[in-house]
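This report describes selected features of one protein model, with attention to helix packing, charged pairs and the surface. The sequence and the structure are shown first.

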Amino acid sequence: MSKKTPIPLMPWAASHQWEVKWLNLAIISIAMASMGIGEGLLVLAQFGNAPWTVLSQGIALQAGISLGVSIALISVVVLLLWVPFKLRFGLGTILNILIIAFFADLTTRVLSSPEAIFTRISFMLLGIFIFGVGTAFYLSCKLGAGPRDGLMVGICQKYGWNVGKVRTAIEVSVCGFGIFLGGTFGVSTLLFAISVGWIIQGTYILLEKRFTVSVSGQI
């Protein structure tokens with residue numbers, strides 16, 4: 001059983017989850033802003049929501065609660081799933097909730113839903129891509145993961161499994177359960193579920209190649 005973390009060690013990585021330096025704080029803030037913008041673009045594309053949003057909608061419909069309450073409850077449950085993996089909260093856990101939500105809301109307020117099919121497809125593809133890349137960068141800061149990403153990291157670290165495979169399995173499972181409960185889904189939902197994990201994995205491969213020399217001296 002491998003204990004190796006799936007996240008490569010980068011020059012900007014914090015030594016602990018509450019260490020604040022201008023570089024890692026800047027990178028994690030920009031990365032999470034990108035994730036929020038990505039979610040906003042997916043909403044504007046109108047091709048279906050991200051898998052976790054589908055699940056939140058499904059639970060909200062079945063339980064007769066608001067989407068916001070449903071999202072909060074899911075976050076609490078997912079955080080409880082951290083316990084077997086002995087994961088700890090960090091600054092990134094808090095920033096994940098605040099920054100992503102802010103920029104997702106800002107994106108949908110500032111931009112309008114496009115009518116042209118080409119623009120909608122562009123919004124969808126760009127949204128998924130920058131969400132995946134942003135996820136990879138914010139986790140590489142090692143300031144702590146958000147609830148959902150922490151679960152992914154915990155599983156990968158405990159069992160030594162591939163990030164792409166684990167993230168895809170989580171997204172597909174969440175999506176399927178959300179659809180069963182009545183959540184809204186579409187092309188974006190499926191494409192997000194099967195691709196975002198591999199975008200994260202690919203970003204890590206590129207980062208490792210780019211920073212192998214500089215990072216190896218720190219290990």
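The model is predicted. Within it, H1 passes H4 in a right-handed crossing. Helix H1 covers residues 22–45, and helix H4 covers residues 91–110. The axes of H1 and H4 come within 7 Å and cross at roughly 40 degrees. This angle makes H1 oblique to H4, because angles that are neither under 35 degrees, nor over 145, nor from 65 to 115 count as oblique.

A second helix pair shows a crossing of its own. H6 and H7 pack at an angle of about 130 degrees, and their axes are 10 Å apart. H6 is therefore oblique to H7. The crossing in which H6 passes H7 is right-handed.

**Charged pairs**

Side chains of opposite charge can pair when their charged atoms come close. How many salt bridges does a search of the whole structure find? The search finds 3 salt bridges, and the table lists them with their N to O distances.

| Salt bridge | Closest N to O distance |
|---|---|
| Lys 21 and Glu 19 | 3.4 Å |
| Arg 167 and Asp 149 | 2.7 Å |
| Glu 171 and Arg 167 | 2.7 Å |

The pair of Arg 167 and Asp 149 forms a salt bridge between side chains. Arg 167 lies in helix H7 (residues 163–180) and Asp 149 in helix H6 (residues 147–159), so this pair ties together parts that are 18 residues apart in sequence. The salt bridge thus links the helices H6 and H7, whose packing was described above. Arg 167 is buried, with a relative accessible area of 4%. Asp 149 also counts as buried, because its relative accessibility is 4% and the cut-off for a buried residue is under 20%.

Arg 167 has a further partner in Glu 171, with the closest N and O atoms 2.7 Å apart. Glu 171 and Arg 167 both lie in helix H7, where 4 residues, about one turn of the helix, separate them. Both Glu 171 and Arg 167 are buried. Salt bridges that share partners join Asp 149, Arg 167 and Glu 171 into one network.

The remaining entry in the table is the salt bridge between the side chains of Lys 21 and Glu 19. Are its two residues buried or exposed? Lys 21 is partly exposed, with a relative accessible area of 48%, whereas Glu 19 counts as buried at 14% relative accessibility.

**Surface and loops**

Which residues form the nonpolar patch on the surface? The patch is formed by Trp 18, Phe 89, Ile 94, Ile 97 and Leu 98, and together these residues have about 540 Å² of accessible area. Leu 98 lies in helix H4, the helix that H1 crosses. The relative accessible area of Leu 98 is 54%. Leu 98 is therefore exposed, because the class begins over 50%.

The loop between H3 and H4 contains Pro 84 and Lys 86; helix H3 spans residues 67–80. Pro 84 counts as exposed at 54% relative accessibility. The C-alpha atom of Pro 84 is separated by 9.7 Å from that of Ile 155, although the two residues are 71 residues apart along the chain. Lys 86 is exposed as well, with a relative accessible area of 75%.

Most residues other than glycine have a negative phi. Lys 86 has a positive phi near 55 degrees and is a residue other than glycine. Gln 46 likewise has a positive phi, of about 60 degrees, although it is not a glycine. Gln 46 lies in the loop between H1 and helix H2, and H2 spans residues 51–63.

**The segment before H1**

Met 10 is found in the segment before H1. Is Met 10 buried or exposed? With a relative accessibility of 2%, Met 10 counts as buried. The C-alpha atoms of Met 10 and Gly 182 are separated by 41 Å, and these residues lie 172 residues apart along the chain.

Conventions
Residues numbered from 1 in each chain as written. Predicted model: local features only at pLDDT ≥ 70, side-chain atom pairs only at ≥ 80, totals over all residues. Heavy atoms only, no water. Patch = residues over 30% accessible without salt bridge, like charges linked within 9 Å, V, L, I, M, F, W, Y side chains within 5 Å. Areas by Shrake-Rupley, 256 points an atom, 1.4 Å probe, with all protein chains shown as cover. Salt bridge = Lys/Arg side-chain N within 4 Å of Asp/Glu carboxyl O. Helix = DSSP H or I, 4+ residues; strand = E, 2+ residues; numbered from the N terminus. Buried < 20%, exposed > 50% of the residue type's maximum accessible area, 1.4 Å probe, protein only. Axes fitted to C-alpha atoms, helices over the stretch in contact; angles between N-to-C directions. Left-handed = near helix turned anticlockwise from the far one by under 90°.
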